[in-house]
Number of protein chains: 2
Amino acid sequence: MDRKLVDVAKLADVSPATVSRVLNNSSLVTKKTAERVLQAIEELNYHPNAAAKHLRSQRTRTIGVIIQDINIAYFAEIIKGIQNTAYALNYKVIVCDSDNKPEKEQDYLGLLKNRTVDALILVSSTLRDELLTELADNGHKIGLIGRSIDHDSIPCCLTDNVKFSTDVIRHFLDQGHRHIAYINGYPEIVDSYERLEGYMKALKERRIPFFPELIECGDFSEEGGYSATKRLLRKNIPFTAVYAANDEMALGVLKACREMGISIPEQLAIVGVDNNRITEYVTPSLSTVNQPKFQLGALLTEKIIAQLGDEPDKGPRIITVESELIVRESSSYVHSSR
Amino acid sequence: MDRKLVDVAKLADVSPATVSRVLNNSSLVTKKTAERVLQAIEELNYHPNAAAKHLRSQRTRTIGVIIQDINIAYFAEIIKGIQNTAYALNYKVIVCDSDNKPEKEQDYLGLLKNRTVDALILVSSTLRDELLTELADNGHKIGLIGRSIDHDSIPCCLTDNVKFSTDVIRHFLDQGHRHIAYINGYPEIVDSYERLEGYMKALKERRIPFFPELIECGDFSEEGGYSATKRLLRKNIPFTAVYAANDEMALGVLKACREMGISIPEQLAIVGVDNNRITEYVTPSLSTVNQPKFQLGALLTEKIIAQLGDEPDKGPRIITVESELIVRESSSYVHSSR
DNA sequence: GTGAAAGCGCTAACAA
DNA sequence: TTGTTAGCGCTTTCAC
């Protein structure tokens with residue numbers, strides 16, 4: 001059924017090589033010949049076979065993306081940025097949802113090894129540095145989003161966790177809060193550490209005492225934020241504000257507070273991270289830090305595709321994009337008396 | 001750098017064919033030989049080249065999915081169902097976000113024609129029947145989600161729009177509503193018609209008069225629902241309930257009501273469709289129809305992959321999955337006096 | 001500017 | 001049970 005390149009060649013009365021040249025816009029073909037070839041292609045309704053092209057050219061113009069859960073808006077938006085850019089540059093995107101399972105994430109690396117993809121983008125990956133380094137050293141192209149690594153050939157795209165976290169805490173401090181709880185994400189993820197670092201930094205610069213009891217661990221899920229809040233409350237250490245390492249957990253805080261009859265923001269102020277759409281719809285609306293998710297995906301993709309081609313790699317290996325605090329109802333009550 | 005099959009063959013002192021047999025678990029290999037080969041594979045850290053495999057076998061074990069916007073939870077969850085099932089069956093998934101642009105959707109069909117994918121799943125596609133029929137007739141494998149078509153070789157997976165829409169309207173009628181508005185989605189999409197059909201059906205069976213002025217068109221977006229509501233209100237025809245063809249538009253209705261000081265559900269009841277997570281978080285929480293999105297994706301993928309293989313195709317070509325009305329605050333006020 | 005021919009890495013038909 | 005060999009459909013030297 002499918003026509004092949006030779007069929008076109010025969011019909012146009014040229015060699016396969018010429019057809020190939022036309023297909024790849026080689027400049028060395030006469031306009032006249034090209035036209036004949038194009039017409040034959042049209043006439044036969046010919047479509048170049050991708051697999052043959054891939055095998056011969058040793059590239060697939062496909063990149064893989066590994067994310068933890070496509071149902072989480074953060075990841076979906078990053079994928080959108082990646083896919084959009086890839087489309088514009090004539091690349092395809094294979095999406096790999098790891099379901100939060102490290103073994104699946106590992107498994108997907110096979111796509112790189114068997115050359116199904118030219119490059120693999122890891123979003124918020126928990127894979128060990130050594131593993132990633134080894135991949136890169138073996139000539140595999142990987143890129144990181146929301147995490148950085150010390151390796152010359154691995155481009156990274158991220159926001160400045162320390163910076164925006166410092167901003168969040170300063171915002172709390174400006175409102176008179178002195179006992180601020182922090183709910184961490186997965187401890188293995190760098191973001192968690194860095195956000196904590198920002199928290200500490202802000203306290204330090206204002207000389208506010210730090211209470212380790214006010215740090216709790218979550219898992220970036222609503223349920224995690226919910227139970228962390230419960231644990232915090234049981235400690236009987238007063239606190240008037242909570243910084244949650246992401247919006248999902250902030251929603252969990254909100255839920256716990258509703259149950260306990262704690263009024264937001266009067267009794268407790270909340271700020272999350274990601275600017276998940278839900279934060280705008282919930283009552284009270286949640287303050288959060290906007291992460292330019294689409295941009296994170298788009299910029300890294302652009303960079304990684306440039307590196308795959310022959311274009312000289314310009315620009316920094318690590319791309320930092322700005323994120324900004326969005327103050328909504330959940331942190332809009334000023335405690336003048338404290 | 002990369003090792004190839006012959007390298008393994010040489011090291012294991014067997015023929016390439018044997019290595020291939022081992023790789024594909026052909027039963028015709030001695031355990032002993034197989035072990036030797038496996039060891040060589042290990043030793044050389046060999047990974048079979050995907051492109052070569054694809055070219056030779058004429059299959060890529062890859063399916064494409066075309067969706068309108070991955071940022072919309074409905075599509076993201078369907079993709080999750082597809083990807084999850086594909087992973088289990090050792091298939092890859094290329095995601096194609098059409099950004100609501102028909103020309104992009106068209107463009108992605110190229111993946112099928114150039115054999116980049118073995119099959120293509122179209123979600124809520126607006127492509128014309130004839131085009132899809134032609135593709136299928138030309139031996140291309142496609143599958144539909146959220147839409148059906150009359151063609152023997154195109155599997156479809158969908159919910160019964162008429163049925164659940166009838167349920168929604170009955171629910172309104174049971175609460176005493178007699179003037180129920182309907183906000184349609186894109187008129188080109190079958191769902192829109194079928195949901196309207198269910199609306200009419202329920203009215204008819206209860207002999208409730210139908211007012212064409214209470215039908216408005218939206219575009220499945222929040223903004224569309226918002227402006228449709230405004231238009232409805234300007235008509236000065238009383239109505240006490242709104243059925244929106246999806247949750248996004250229901251959110252738009254809610255927004256408009258907030259602005260106009262209309263209280264939900266006392267003055268106006270709202271029901272949407274999709275069970276978007278946001279509907280649970282918003283105040284008042286929105287009644288909606290749960291669509292088993294993951295399942296829609298998973299079932300169709302299973303079916304389509306079965307058809308790609310040699311397994312006899314059992315089960316119906318058109319798979320209908322159950323959706324159910326979820327009553328929340330936005331439609332929980334009974335108008336006993338009407 | 002165009003063509004001939006080799007080969008990308010694998011699988012499967014056929015032979016042994 | 002294992003090996004030989006001919007391609008899958010394309011690109012790309014190298015010649016002309």
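This report describes how two protein chains and two DNA strands are arranged in a predicted model.

## About the model

Because the model is predicted, local features are given where pLDDT is at least 70 and side-chain atom pairs count only at pLDDT 80 or more, whereas totals for chains, interfaces and linings use all residues. Residues are numbered from 1 along each chain as its sequence is written, chains are lettered from A and ligands numbered from 1 in the order in which they are written, and side-chain values use heavy atoms, with hydrogens and water left out.

## The surface near DNA strand C

A residue is called near a strand if one of its heavy atoms lies within 4 Å of it. Around DNA strand C there are 24 such residues, of which A:Arg21, A:Thr33, B:Leu5, B:Tyr46 and B:Arg56 come nearest. By class, this surface has 10 nonpolar, eight polar and six charged residues, where Ala, Val, Leu, Ile, Met, Phe, Trp, Tyr, Cys and Pro count as nonpolar, Asp, Glu, Lys and Arg as charged, and the others, Gly among them, as polar. At least two residues each come from α2 (16-23) and α4 (50-57) of chain A and from α2 (16-23) and α4 (50-57) of chain B; the helices (H or I, at least four residues) and strands (E, at least two) named in this report are DSSP runs, numbered from the N terminus.

Which part of DNA strand C supplies the atoms within 4 Å of the protein? Sugar or phosphate accounts for 64% of them, and the rest belong to bases. Several phosphate oxygens of this strand are paired with atoms of chain B: a polar side-chain atom of B:Lys4 lies 2.9 Å from one phosphate oxygen, an N or O atom in the side chain of B:Ser20 is 2.8 Å from a phosphate oxygen, and a polar backbone atom of B:Asn49 is 2.9 Å from a phosphate oxygen.

## The surface near DNA strand D

DNA strand D is surrounded by 25 residues, and the closest are A:Leu5, A:Tyr46, A:Arg56, B:Arg21 and B:Thr33. The surface near this strand has 10 nonpolar, eight polar and seven charged residues. Of the strand's atoms within 4 Å of the protein, 62% belong to sugar or phosphate and the rest to bases.

Two arginines here are paired with bases, since a polar side-chain atom of A:Arg56 lies 2.3 Å from a base oxygen of DNA strand D, and an N or O atom in the side chain of B:Arg21 is 2.4 Å from a base oxygen of that strand. A polar side-chain atom of B:Gln58 lies 3.2 Å from a sugar or linking oxygen of DNA strand D. The elements that give two or more residues to this surface are α2 and α4 of chain A together with α2 and α4 of chain B.

## Helix packing

In chain A, helix α1 (residues 5-12) packs against α2(A) at an angle of about 105°, with the axes 8 Å apart; axes are lines fitted to C-alpha atoms, for helices over the stretch in contact, and angles run from 0 to 180 degrees between N-to-C directions. This angle makes α1(A) roughly perpendicular to α2(A), a term used for angles of 65 to 115 degrees. The contact (heavy atoms within 4.5 Å) is made by A:Leu5, A:Val6, A:Val8 and A:Ala9 of α1(A) and by A:Pro16, A:Val19, A:Ser20 and A:Leu23 of α2(A). By class, seven of these residues are nonpolar, one is polar and none is charged.

In chain B, α2(B) and helix α3 (residues 31-44) pack at an angle of about 90°, with their axes 10 Å apart, and these two helices are therefore roughly perpendicular to each other. Residues in this contact include B:Val19 and B:Leu23 of α2(B) and B:Val37 and B:Ile41 of α3(B).

## Where the two chains meet

In the contact between the chains, 45 residues of chain B meet 45 residues of chain A. Together the two chains bury about 4200 Å², 54% of it on carbon and sulfur atoms, where buried area is the accessible area (1.4 Å probe) that two parts lose on being put together, summed over both. B:Lys80, B:Tyr87 and B:Tyr281 supply 16% of the area that chain B buries against chain A, more than any other three residues.

## Unusual backbone geometry

Most residues other than glycine have a negative phi, and most peptide bonds are trans. A:Asp13, which is not a glycine, has a positive phi of about 60°, and this residue is found in the loop between α1 and α2 of chain A. The peptide bond from B:Ile264 to B:Pro265 is cis, with omega near 5°.

How values were computed. Polar contact = N/O pair within 3.5 Å; in protein donor to acceptor, adjacent residues only side chain to side chain. Parallel < 35°, antiparallel > 145°, perpendicular 65-115°, else oblique.
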